[in-house]
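Student: I should like to go through the terms used for this structure and see how each one is justified.
Tutor: Let us take them one by one, setting each value against its definition.

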Amino acid sequence: MRTTRVAIAGFFFADGLLLGSWAARIPAVQRQAELTSSELGLALFAMALGALVSMPLAGWMGERIGSRSVTVAALLVGSVSLLLASFAAGLGALAAALAGFGAGFGAINVAANAQGLALERLYGRPILSSFHAAFSAGGLAGAGVGALAAGAGIGPRVHFGALAPALAAGALVAGRALLPPATCETPQRPILARPSRGLILLGAAAFFTLLAEGAAADWSAVYLSESLESTAVAAALGYAGFSLAMAASRAVGDRLDARFGPVALVRGGGVLAAIGIALALVVGSVPGALMGFAAMGAGLGVIVPVLFRAAGSTAGVPAGVGIAAVSTIGWLGFLAGPPTIGLVADAVGLRTALTIVVVAIAIVALLARSARPRGREGVRVLFEPRAVLSDLDGVLVDSGPQIERTWRAFAERHRLDAEHVLAASHGRRTVDLIRVVAPHLDAEVEAATIEQEEIGSVNGLRALPGARELMESVPEDRLAIVTSGSRPLALARLRAADLPVPKVVVTAEDVEAGKPDPAAYLRAAELLGVEPAHSLVIEDAPAGIDAGVAAGMTVIGVTTTNDESALERADTVVPDLYALLLGPSRTSWRGANAVRARRSNSAASAC
């Protein structure tokens, strides 16, 4: 699968390389074709029309001949069209070439994303952001080479004449490593379909996000060269800085999502991007504008992968259909926004016209809640136990830093060894831990004090990757949370992390002895009406794993807070909860007779 991943990343990179190369040479092509700003805007509008037609067609063709063939063909069309644009001598010729360029660009975005999503399902963990990082890196490379070519006095014809054949050859070679067409029968879908309300909101957020991206691609160099009178090299560096910052933010996008959550990430990215473009417009200097475009790229970079992933988890919509709908609407904004800015610029000036971008990004921040993942049909866990019993802290909620602060403060108050207290804390009830590390204290009184401190500091807690998807995938009458904390604390943490509260939550008050005693897990199985042998436990701490094993249950260890070596008593160990969601399993099950993995007998494929 690694070869396939490299090949898909290569197509994303090539797509960005085409766009970056075009963006860097727009001023030169405009001068060569002798176009005004409004005429350039019309030529860019032809590019938008080409993409508008090609996107639904690419999805329709992908279902029939496979996204592999569509991806390869789209890159070939885009490369040839870019070369033709460099020979355009007027508005008509340039508009025709850009219509083909837009068709290739739009088709490859639909088809390559279909490939990326199919491979992500095979991996069983998020990798989509890495492909978007490759696209941004391609944009950076294209803009950088364009800047060097402009500085060296190399015209667009020579530049694109070298680039197009290289990309065409690469497409033919790398296309062999893409996922093959689906061999399974799939129902025929219409080329155009009305999206649900949730997808419309996600599409609106994608539209305004990509409108801003398109503005940076098509107008950053023009703004720097004409409005700020920069050199050709500095003008090309505007989009280069934008692409570099975007690639960097997308490279860490998955980790940022896990740390801050999708809603906060989209909102924060929108705020940063809005400040960046406002800085570029208000400061009125070349260095300030370059810094502003870089900030804009960093903020926008993390948003699109989050929106696409949310679209893929929309209830009642297959993942590919949801992604296709949102990406089509989004790329329409990418392609239609820049010509609109061009038309407005002829009337009021480019600097004033670019305030449209500030407004667009502000709307994205307002639509941030649409990025919250929704459960969707078709997502199922890989196992089929009759009950799933999950620990809370370190499995569903990232409360580790808060817990560490609490116990370090406790150790400091009572002059205890903080490291010893922390080492003993994992998986134990608060009152039991105090009895172990400080038997001279009144455990009940101290536990009550600590509980109030922890409840008061739950703001900012985040769900761990895959937690929401897992909870929404398991039927409510088969799911329980088993935690060593109190009920008020458990409910406070679930709500702070924006996770659903199942009907069965077993807490410290419900048992006389906490983990590693099996009482809590046995109580959860009893409340669900399931035999212990038919129950599956998900734990991150040795004490919790010992409790599940002692209860006679199958146990999965998650390495979110402990190394795999500390979880050796578990039946199997996974890196995160995404490994338990639908997709081929790479886990070696040991004696887990109660676990039945869903496995496909057909080869991996992508429509």
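Tutor: We may begin with the strands of this predicted model. Strands β1 and β2 run parallel and are joined by three bridges.

Student: What makes β1 and β2 a pair?

Tutor: Pairing requires at least two bridges found by DSSP. Three bridges join β1 to β2, and the two strands therefore pair. Within this pairing, Ser390 has Ile481 as its bridge partner in β2.

Student: How do you know that β2 also pairs with β3?

Tutor: The reasoning rests on the cut-off of at least two bridges. Three bridges join β2 to β3, residues 504-506, and these strands run parallel; they therefore count as paired. In β3, Val506 stands opposite Val482.

Student: Which elements make the right-handed β-α-β unit?

Tutor: The unit consists of β2, helix α21 (residues 487-496) and β3.

Student: Why are both faces of β2 called covered?

Tutor: A residue is buried when its relative accessible area is under 20%. Strand β2 spans residues 479-482, with Leu479 and Ile481 on one side and Ala480 and Val482 on the other. These four are all buried, so both faces are covered.

Student: Why is Leu396 called buried?

Tutor: Its relative accessibility is 1%, and the limit for buried is under 20%; Leu396 therefore counts as buried. Leu396 lies in the loop between β1 (387-390) and α16 (400-413).

Student: What does Leu396 touch, not counting residues up to four places away in sequence?

Tutor: Its contacts include Ser390 and Ile481, and also Arg462, Met471, Leu499 and Leu577. The C-alpha atoms of Leu396 and Leu494 are separated by 8.5 Å, although their positions lie 98 residues apart along the chain when counted as a separation in sequence.

Student: Which residues touch the most other members of the largest nonpolar core?

Tutor: They are Trp22 and Met296, in a core of 112 residues. Leu396 belongs elsewhere: a second, separate core of 28 residues includes Leu396, Val474, Ile556 and Val558.

Student: How do you know that Ser136 is buried?

Tutor: Ser136 has 3% relative accessibility. The cut-off is under 20%, so Ser136 counts as buried. Ser136 is located in helix α5, residues 128-151. Leaving out residues up to four places away in sequence, Ser136 touches Ser243, Met246, Ala247 and Arg250.

Note on methods:
Residues are numbered from 1 along each chain as its sequence is written. This is a predicted model: local features need pLDDT of at least 70, side-chain atom pairs count only at pLDDT 80 or more; totals for chains, interfaces and linings use all residues. Side-chain values use heavy atoms; hydrogens and water are left out. Buried means under 20% relative accessible area, exposed over 50%, partly exposed in between (1.4 Å probe, protein chains only). Contact means heavy atoms within 4.5 Å. A nonpolar core is a set of buried Ala, Val, Leu, Ile, Met, Phe, Trp, Tyr and Cys residues joined through side-chain atoms within 4.5 Å. A crossover is right-handed if, with the strands pointing away from the viewer, the path from the first strand over the helix to the second runs clockwise.
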